[in-house]
Amino acid sequence: MRYIVNFQIKIKDDGISNETIRSSYTISEKDSEKYNLLNINNVEDWFTSFFKQTPLDHFIDTEKISKKAHFEMKIGRITNAISGEYKTF
């Protein structure tokens, strides 16, 4: 394990309810080499793009979320699990 990305997803269901789900995503050493993630800034850019291109159910359980719901993702912290270096947002 190389990087841990802590993030939150705000679910907006037609303006009626606002729910925040906190989760994390782990990037392995192999993937960090594959995607050339040399520092935390590279990880931030890569994860933001990866999140937009990947179905939401890859990150959280979407069974109870309405198909009409809109959501936005915000990264809270990225940690390099090997060196202990981190950045908060």
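This briefing walks through the fold, one helix, the core and two single residues of the structure above. The model is predicted. The protein has two helices and four strands, and along the sequence they follow the pattern β-β-α-α-β-β.

**Overall picture**

- Along its principal axes, the C-alpha trace spans about 40 × 25 × 20 Å.
- The protein has 89 residues, and 31% of them count as buried.
- Its accessible surface comes to about 6100 Å², and carbon and sulfur atoms account for 46% of that.
- Take the contacts with a separation of 6 or more: 59% of them join residues 24 or more positions apart in the sequence.

**A closer look at helix α2**

- Helix α2 covers residues 40-53, which makes 14 residues. At 1.5 Å a residue it should span 20 Å, and its end C-alpha atoms are indeed 20 Å apart, so the two values agree.
- Which residues of α2 are buried? They are Ile40, Val43, Trp46, Phe47, Phe50 and Phe51.
- These buried residues cover an arc of only 130° around the axis, which means that they sit on the same side of α2.
- Here is a handy rule for reading such a list: an α-helix has 3.6 residues a turn, so residues three or four places apart point the same way.
- On the other side of α2 you will find Asp45, Lys52 and Gln53, which are exposed.
- The N-terminal end of α2 is capped by asparagine 39, with a side-chain oxygen 3.0 Å from the backbone nitrogen of asparagine 41.

**The nonpolar core**

- In soluble globular proteins, nonpolar side chains tend to be buried together.
- In this protein, the largest nonpolar core has 22 residues. Those with the most contacts inside this core are Val5, Phe7, Tyr25, Ile27, Phe47 and Phe59.
- Two or more residues of the core come from each of these elements: β1 (3-13), β2 (17-27), α2 and β3 (70-80).
- Helix α2 gives the most to the core, with six residues.

**Two residues to find in the structure**

- What does phenylalanine 7 touch, leaving out residues up to four places away in sequence? Its partners include Ile21, Tyr25, Phe47, Phe51, Phe59, Met73 and Ile75. Among the others are Arg22, Ser23, Ser24, Lys74 and Gly76.
- Asparagine 80 lies in strand β3. Is asparagine 80 buried or exposed? Asparagine 80 has a relative accessible area of 5%, and because buried means under 20%, this residue counts as buried.
- Setting aside neighbours within four places in sequence, asparagine 80 is in contact with Arg2, Tyr3 and Glu85.

Notes. Residues are numbered from 1 along each chain as its sequence is written. This is a predicted model: local features need pLDDT of at least 70, side-chain atom pairs count only at pLDDT 80 or more; totals for chains, interfaces and linings use all residues. Side-chain values use heavy atoms; hydrogens and water are left out. The expected span of a helix is 1.5 Å times one less than its number of residues. Buried means under 20% relative accessible area, exposed over 50%, partly exposed in between (1.4 Å probe, protein chains only). The arc is that of the directions from the helix axis to the C-beta atoms. A polar contact is a pair of N or O atoms within 3.5 Å; within protein, one must be able to donate a hydrogen and the other to accept it, and residues adjacent in sequence count only if both atoms are side-chain atoms. Contact means heavy atoms within 4.5 Å. Accessible areas come from the Shrake-Rupley method with a 1.4 Å probe; for residues, only the protein chains shown count as cover. A nonpolar core is a set of buried Ala, Val, Leu, Ile, Met, Phe, Trp, Tyr and Cys residues joined through side-chain atoms within 4.5 Å.
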